[in-house]
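Visitor: I'd like a close look at a single part of this structure, taken slowly. Could you pick a strand, walk me through its surroundings, and then work outwards from there?

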Amino acid sequence: MKQTEAQTDRESLYLEVSSVNGAVSLPLHSSIVLFLLSYTECSSFHVFLVTDQADILPSLSGLVPGGLAVSEVRRDELPRLVKMCRLPAVLEPDVCFCRAGLAVVLRHIIQSACQLMPSRRDVASLLGFKNTCLKACAEVSQWTRLCELDIPSAVEEHLRNPEDQMRRLPAAILNLEKRLGEPVKVHNDDKIRRQKLQQQKKKKSDSQLEGPSTEREDRLNESRPGVELSAALAKLSALAVPSPATRESSDIRKVKSTELPELEHVFAEGLYFTLTDVVLLPCVHQYLISIQKHTPSTLSHLPLLLRWYQRVQELPSVLRAAKDCGMALFSPSSVDPCPPQPEAPRSSGAEQDGPKLKQEPFIGGPRPTLTKLQENGIDAVYTAHPCPSWTVDWESLPMAVNPTEGKMSDARAVRKQQQLNNLLAMVTDLAHPGNTVVDFCSGGGHVGIVLAYTLPKCQVILIENKEESLVRARDRSAQLGLTNIGFIQTNLDYFTGNFNIGVALHACGVATDMVLDRCLQARAGFVISPCCYGFIQNTLKFNFPKSTRFAETLSYKEHMILCRFADQTAVGLPLERRLIGKRCMGLVDLDRSWAAETHGYSARVMTMVPEGCSPKNNMLVGFPTT
């Protein structure tokens with residue numbers, strides 16, 4: 001039923017609606033969010049379906065769970081922070097705190113449901129061990145990327161051109177099939193593996209005593225839950241209590257851990273039903289429907305995925321949510337109860353190719369690489385600091401602006417003030433009234449809050465993936481009564497808005513390159529202090545070296561040697577070693593600055609003042625010239 005106004009005490013949840021030739025449908029990301037809302041029975045959000053058409057709700061009847069407050073909203077009517085993000089997104093009632101991106105929004109829904117229904121143990125367990133399920137961003141975690149991005153994208157591509165896609169299985173689907181066949185590692189798995197060994201020995205002993213079994217008895221034995229399934233079902237029970245501790249027999253206790261049987265997958269991440277299964281089910285369901293319709297024989301290549309698909313259907317909450325969302329779960333006709341593992345068809349060459357994320361071990365020092373660069377006329381170049389004496393009058397500012405408010409020592413707080421002096425000087429030089437300044441990887445808001453306070457005519461937006469840090473920043477902002485500040489909890493990939501200046505203090509590893517890339521895309525100026533050079537490596541988006549001149553001189557491995565030794569700048573190291581580290585830092589950032597210049601930018605590499613304010617005291621400063 002269409003609602004005319006959102007309830008002011010509810011968070012607003014914005015979901016994408018697709019339209020092809022006038023026909024409306026829900027993208028997979030939107031279907032996944034609605035499925036989770038139904039599974040958790042969480043009705044604390046007002047759902048807004050984002051569309052360019054009018055009166056779409058009747059067309060989506062049966063796909064949107066009942067009991068939700070649902071409205072339509074045009075794209076040009078979205079709140080400003082939501083407009084700057086890829087959907088799905090959640091906006092708090094005060095409209096200054098937005099959460100965006102599939103994994104971030106799903107985790108927030110679960111946390112909200114747990115606050116409303118603390119007894120729902122099955123809902124809390126969706127976040128996995130130590131509440132880390134899909135917490136790491138997709139650029140860092142290959143598993144998050146597979147579930148959040150690769151599989152939904154592969155399935156939607158398949159659904160757009162099913163007949164063209166039938167000649168091969170998507171690489172993401174093959175990757176998931178492979179993952180489902182890997183041994184399971186869970187907390188305290190030694191105990192569960194010993195229970196499994198004991199069960200196997202008892203089963204073998206019983207069969208020897210009873211003699212040959214009938215076919216019916218074999219089927220009954222196979223249907224009895226194993227150790228893995230028993231552990232999984234106990235975790236899902238909202239009323240379950242820990243079973244009394246039982247001590248294994250002495251012969252089981254004596255078995256070495258390396259000789260214990262491996263645990264098998266019950267659900268996607270291992271034994272337990274988690275948020276990952278919620279994400280995958282709508283995707284796999286749509287994919288299997290298409291395969292069953294066009295080429296059912298292909299299902300024989302996915303025995304583990306089919307077993308998982310059938311297993312999740314054994315959960316009553318899944319069946320209820322699927323029915324609520326119009327998902328008619330089914331049993332594929334070609335499923336074998338114990339299917340053999342065939343050789344999977346090869347994916348296309350483009351899908352097999354990709355950066356190798358593991359770095360090779362390094363041998364030797366940086367001098368051969370430095371010499372090679374020098375012989376080709378390349379060495380670290382530092383531009384003089386344009387305003388070395390510029391400082392914020394920290395004593396005159398409210399305490400909530402000062403980094404001393406954070407949990408840090410006095411000496412570290414002074415160094416943080418010095419770092420902020422440098423970044424604020426550069427941003428102040430670039431900023432104009434009415435500009436939007438984005439503080440990427442903002443953490444607790446040390447940079448963004450002082451920017452918002454000292455540049456009241458600019459709009460400042462803090463972007464951070466860690467919810468706890470961003471909430472602290474919001475609380476500090478509330479103490480100051482700032483009205484020119486906004487907060488977005490998201491991965492950088494989900495931020496798509498326009499802005500004028502991007503700033504980041506100690507963006508770790510390739511996060512610097514991600515921030516730089518967003519600035520280049522937005523044609524925005526940038527003030528970035530890189531960090532953790534040793535974590536730089538080729539990713540799905542970036543290859544190193546980045547600039548043409550460096551790439552013509554150094555191999556990837558040689559560039560990684562520079563990155564590794566660029567981290568050798570700690571105060572406790574010998575002076576000569578620190579100087580080499582500083583030189584390597586300068587070269588890595590010179591490569592970044594030259595790459596930016598090819599996009600029509602003027603870019604400089606500077607050193608913060610005083611140099612002792614941080615072992616990572618480089619700054620990349622640039623602005624578009626064309």
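Guide: Let's start with strand 4, which is covered on both faces: Phe-45, Val-47, Leu-49 and Thr-51 are buried on one side, and His-46, Phe-48 and Val-50 are buried on the other. Keep in mind that this is a predicted model. That split into two sets fits a simple rule: in a regular strand the side chains alternate between the two faces of the sheet. Count along residues 45–51 and you get 7 of 7 buried, so strand 4 is largely enclosed by the rest of the structure. Buried here means under 20% relative accessible area.

Now for the partners. On one side, strand 4 pairs with strand 5 in the parallel sense, over 6 bridges. If you want a spot to click on, Thr-51 stands opposite Arg-74 in strand 5. Strand 1 is also parallel to strand 4, and 6 bridges join those two. There, Ser-12 has His-46 of strand 4 as its bridge partner.

Follow strand 1 (residues 11–16) across and the sense flips: strand 6 (residues 89–91) runs antiparallel to strand 1, with 3 bridges joining them. Tyr-14 stands opposite Ala-89 in strand 6.

Zoom out, and these strands turn out to belong to an open sheet of 12 strands with mixed pairing, in the order 5-4-1-6-7-10-9-8-11-12-14-13. So where does the sheet stop? Its edge strands are strand 5 (69–74) and strand 13 (601–607), each pairing on one side only. On average, neighbouring strands of the sheet are turned by 20° against each other, direction ignored.

Further along the order, helices pack on the sheet. Helix 18 (residues 446–454) touches strand 8 (436–440), strand 9 (459–464), strand 10 (485–489) and strand 11 (501–508), and its direction makes about 170° with that of strand 9. Helix 20 (residues 511–522) packs on the sheet too, touching strand 8, strand 11, strand 12 (525–531), strand 13 and strand 14 (618–624). The direction of helix 20 makes about 175° with that of strand 12.

One last stop, to set beside strand 4: helix 13 (residues 303–312). Here 7 of the 10 residues are buried, so helix 13 is largely enclosed by the rest of the structure. The buried ones are Pro-303, Leu-304, Leu-305, Leu-306, Trp-308, Tyr-309 and Val-312. Their cover includes helix 7 (171–180), helix 12 (275–294) and helix 14 (316–324).

Notes. Residues numbered from 1 in each chain as written. Predicted model: local features only at pLDDT ≥ 70, side-chain atom pairs only at ≥ 80, totals over all residues. Heavy atoms only, no water. Pairing = 2+ DSSP bridges. Helix = DSSP H or I, 4+ residues; strand = E, 2+ residues; numbered from the N terminus. Axes fitted to C-alpha atoms, helices over the stretch in contact; angles between N-to-C directions. Contact = heavy atoms within 4.5 Å. Buried < 20%, exposed > 50% of the residue type's maximum accessible area, 1.4 Å probe, protein only.
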